[in-house]
Amino acid sequence: MPELLARCTSDELAEWMAYEHVAGPLGPERQDVLHGILAATIANAARGKGGRRAEPKDFVPTWDQGAKRQPGDWRQMLAQVKAMNARLGGADLREGRP
């Protein structure tokens with residue numbers, strides 16, 4: 001992580017996050033989905049008659065994504081963005097803001 005933060009600006013990281021949102025997950029998460037599809041295909045080929053049809057999600061692990069919350073009001077969202085920006089070494093470029 002320190003090497004990543006030394007090489008990439010917060011703008012670049014935000015662009016990668018947006019790209020992943022559009023193109024799908026990068027790295028291990030994408031591999032989890034692909035292996036889930038393969039495992040579901042094999043399970044369905046091997047299941048007996050009347051057995052429950054397997055879905056890829058049955059084989060994809062659920063990694064800790066933090067608390068799943070509904071979006072709050074704009075003040076809460078702004079606080080979260082400011083915290084992420086600070087963790088990524090970004091600066092608040094709004095006029096007159098510390």
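These exercises walk through a predicted model of one chain.

**Exercise 1. The fold in outline**

Task: State how many helices and strands the chain has, and in what order the elements run.

Solution:
- Start with the count. The chain has four helices and zero strands.
- Then read from the N terminus. The order is α-α-α-α.
- Place the helices. Helix 1 covers residues 2-7, and helix 3 covers residues 28-46. Helix 2 spans 10-23 and helix 4 spans 74-87.

**Exercise 2. Confidence**

Task: Find which element has the highest mean pLDDT and which the lowest.

Solution:
- Take the chain as a whole. Its average pLDDT is 82, and 88% of the residues score at least 70.
- Now go element by element. Helix 3 has the highest mean, 89. Helix 1 has the lowest, 83.

**Exercise 3. Surface and contacts**

Task: Describe how much of the chain is buried and what supplies its exposed area.

Solution:
- Begin inside. Of the 98 residues, 8% are buried.
- Move to the surface. The chain exposes about 8,700 Å². Carbon and sulfur atoms supply 59% of that area.
- Add the contacts. Among those with a separation of 6 or more, 28% join residues 24 or more positions apart.

**Exercise 4. Two residues, two settings**

Task: Decide whether N44 and L4 are buried, partly exposed or exposed.

Solution:
- Locate N44. This residue lies in helix 3.
- Apply the cut-off. Buried means under 20% relative accessible area. N44 has 17%, so N44 is buried.
- List the neighbours of N44. Leaving out residues up to four places away in sequence, N44 touches R52, R53 and A54.
- Turn to L4, in helix 1. The class between buried and exposed runs from 20% to 50%. L4 has 37% relative accessibility, so L4 is partly exposed.
- Check a distance. L4 and L88 are 84 residues apart in sequence, yet 9.7 Å apart in space, C-alpha to C-alpha.

**Exercise 5. The largest pocket**

Task: Work out the volume of the largest pocket and the make-up of its lining.

Solution:
- Take the volume. It is about 580 Å³.
- Count the lining. There are 19 residues, and S10, L13, A14, M17 and L88 lie nearest the centre of the pocket.
- Trace the sources. Helix 1, helix 2 and helix 4 each supply at least two lining residues. Helix 2 gives the largest share, seven residues.
- Sort by character. The lining divides into 13 nonpolar, three polar and three charged residues.

Definitions and conventions. Residues numbered from 1 in each chain as written. Predicted model: local features only at pLDDT ≥ 70, side-chain atom pairs only at ≥ 80, totals over all residues. Heavy atoms only, no water. Buried < 20%, exposed > 50% of the residue type's maximum accessible area, 1.4 Å probe, protein only. Contact = heavy atoms within 4.5 Å. Areas by Shrake-Rupley, 256 points an atom, 1.4 Å probe, with all protein chains shown as cover. pLDDT = per-residue confidence, 0-100. 1 Å grid on protein atoms, 1.4 Å probe; cavity = no way out; pocket = protein on both sides within 12 Å on 5 of 7 lines; lining within 4 Å. Points joined across faces, edges and corners; volume = space filled by probe spheres on them. Nonpolar A, V, L, I, M, F, W, Y, C, P; charged D, E, K, R; others polar.
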